Amino acid sequence: MGRARRSRRCEGFDYSSPGEYFVTFVTDERRCVLGEVEGEEVRLTRIGWACYERAHGMCTMFPTFSLAGLCIMPNHVHAMIRISPAPEEKWRAPLSRGVGWWKGRTTRDARMAGFLGDLWEQGFDDRIVRCEEQRREYLRYMQNNPLKWELDCMYRKEDLHRG
């Protein structure tokens with residue numbers, strides 16, 4: 001029997017509550033299928049564009065969600081997701097449901113384009129944004145991520161697996 005996965009969530013916290021969340025999720029085996037860094041920009045592949053479009057689709061599908069920031073790197077994604085108060089209980093959705101929808105739809109798009117295998121690692125990392133200083137720090141990090149790609153712990157120099 002396999003070892004139980006340890007939750008990455010903050011125990012006891014309601015992730016459908018209004019607030020901002022800094023989210024990171026990674027491609028399977030850190031394959032660079034989302035894009036390629038050229039200078040100060042990330043040139044998205046077809047799969048990268050699907051990921052971008054589905055990020056905005058998540059905000060349509062989950063009306064209390066909005067994007068305060070988005071950075072799609074060659075093999076991972078950072079997003080600042082804002083959850084607004086729900087006018088009715090039926091509109092409440094936890095962060096995991098929105099991110100799961102986003103990743104699932106991007107995977108479906110990738111497979112329809114001929115991508116084989118798993119697109120994403122399981123789960124995602126999140127940070128609850130607790131103050132304006134922290135918010136600015138995360139947004140600055142996303143903005144500067146392409147500039148510091150070769151120093152990033154997820155950097156892979158080997159080939160770009162285009163999607």
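Biologist: Which residues does H78 touch, not counting residues up to four places away in sequence?
Modeller: In this predicted model, H78 is found in strand β5. Leave out residues up to four places away in sequence. Then H78 touches F22, V23, T24, G69, L70, C71, Y141, M142 and N145.

Biologist: Is H78 buried or exposed?
Modeller: Buried means under 20% relative accessible area. H78 has 4% relative accessibility, so H78 counts as buried.

Biologist: With which side chains does the side chain of H78 make a polar contact?
Modeller: One polar contact, of 3.4 Å, joins the side chains of H78 and N145. Another is 2.8 Å, and there the partner of H78 is the side chain of T24. The two partners are N145 and T24.

Biologist: How do the planes of F22 and Y141 lie in their aromatic pair?
Modeller: The centres of F22 and Y141 are 6.4 Å apart. Planes over 60 degrees apart count as edge-to-face. The angle here is 85°, and the pair is edge-to-face.

Biologist: Where in the chain do F22 and Y141 sit?
Modeller: This pair links distant parts of the chain, 119 residues apart. F22 is in strand β1, and Y141 is in helix α3.

Biologist: Is Y141 buried, partly exposed or exposed?
Modeller: Partly exposed lies between the 20% and 50% limits. Y141 has a relative accessible area of 40%, so Y141 is partly exposed.

Biologist: Which residues have the most contacts inside the largest nonpolar core?
Modeller: That core has 29 residues. Elements supplying at least two of them include β1 and α2. The residues with the most contacts inside the core are I81, L95 and W102.

Conventions: Residues are numbered from 1 along each chain as its sequence is written. This is a predicted model: local features need pLDDT of at least 70, side-chain atom pairs count only at pLDDT 80 or more; totals for chains, interfaces and linings use all residues. Side-chain values use heavy atoms; hydrogens and water are left out. A nonpolar core is a set of buried Ala, Val, Leu, Ile, Met, Phe, Trp, Tyr and Cys residues joined through side-chain atoms within 4.5 Å. Buried means under 20% relative accessible area, exposed over 50%, partly exposed in between (1.4 Å probe, protein chains only). Helices (H or I, at least four residues) and strands (E, at least two) are DSSP runs, numbered from the N terminus. A polar contact is a pair of N or O atoms within 3.5 Å; within protein, one must be able to donate a hydrogen and the other to accept it, and residues adjacent in sequence count only if both atoms are side-chain atoms. Contact means heavy atoms within 4.5 Å. Rings of Phe, Tyr and Trp (its six-membered ring) pair if their centres lie within 6.5 Å; planes under 30 degrees apart count as stacked, over 60 as edge-to-face and the rest as tilted.
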